[in-house]
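Dear colleague,

I am handing over the structure we spoke about, with the sequence alongside. Please have it open while you read the notes that follow.

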Amino acid sequence: NDLLILAGVTGAANVIGRPIGYFLWKRVKFFPLQFTLTTVMALCHVLILAIHDLTVAEILMAVSKLCYSLQAVEVAILHYDYEYYGTARFQLGSGIGAAAGMFGSVAGTCLAAFLPSNVAVIALLVVVCIEIGVVCLMRERF
């Protein structure tokens, strides 16, 4: 039953988050949007570890997944952005970004499948904190 709820939350977050992310993409600058979304994701994971309630954890995971879906639009567009990488570094930058995304998908699936849930949440929190640092080092897209 819990897995069905998780699947519903994930699907709903994607259905809602992707269109909103595309809407925000042209209207909000890169750094404020990405920093805010990543910080909210980190806060959600800290609260999941602090509050040991299944309902609260599912709600916070839904918020985190919504933020991730909002970010996914930017990431998908960034892979193909000549202006961001420059023509000389486009292949390298886009390739590293795509490879990191694939590695993250495999690693995340392995964490969720083989580790206890609290360890997976801690690992995800570490990754999100690293992402905050990466976002701070990136430049604006406009």
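E58 is partly exposed in this predicted model, with a relative accessible area of 22%, and this residue is found in helix 3. Although E58 and L6 are 52 residues apart along the chain, their C-alpha atoms are separated by 7.3 Å.

Helix 3 itself covers residues 54-78, which makes 25 residues, and from its first C-alpha to its last it reaches 35 Å, close to the 36 Å expected at 1.5 Å a residue. Several residues of helix 3 are buried, among them A57, L60, S64, C67, L70 and E74. As background for reading such a list, an α-helix has 3.6 residues a turn, so residues three or four places apart point the same way.

One of the buried residues in helix 3 is S64, for which the relative accessibility comes to 5%. When its neighbours within four places in sequence are left aside, S64 is in contact with M41, C44 and H45. Of these partners, H45 is found in helix 2, which runs over residues 30-50, and H45 counts as buried at 1% relative accessibility. Seen from H45, and again leaving aside the neighbours within four places in sequence, the contacts are M61, S64, V121, L124, L125 and V128.

You may also want to know about the cysteines, and in particular how many disulfides the structure holds. The number is zero. A disulfide is a covalent bond between the sulfur atoms of two cysteines. For C67, the closest cysteine sulfur is that of C44, and because the two sulfurs are 6.1 Å apart, they are too far from each other for a bond; the cut-off applied here is 2.5 Å. C67 counts as buried, at 7% relative accessibility, whereas C110 is partly exposed, with a relative accessible area of 36%.

Finally, there is a nonpolar patch on the surface, of about 340 Å², and I122, V126, I130 and V134 make it. I122 lies in helix 6, which spans residues 117-137, and I122 is partly exposed, its relative accessible area being 44%. Since patches are made of residues with over 30% relative accessible area, I122 at 44% meets that part of the requirement.

With best wishes

How values were computed:
Residues numbered from 1 in each chain as written. Predicted model: local features only at pLDDT ≥ 70, side-chain atom pairs only at ≥ 80, totals over all residues. Heavy atoms only, no water. Patch = residues over 30% accessible without salt bridge, like charges linked within 9 Å, V, L, I, M, F, W, Y side chains within 5 Å. Areas by Shrake-Rupley, 256 points an atom, 1.4 Å probe, with all protein chains shown as cover. Salt bridge = Lys/Arg side-chain N within 4 Å of Asp/Glu carboxyl O. Helix = DSSP H or I, 4+ residues; strand = E, 2+ residues; numbered from the N terminus. Buried < 20%, exposed > 50% of the residue type's maximum accessible area, 1.4 Å probe, protein only. Expected span 1.5 Å × (residues − 1). Contact = heavy atoms within 4.5 Å.
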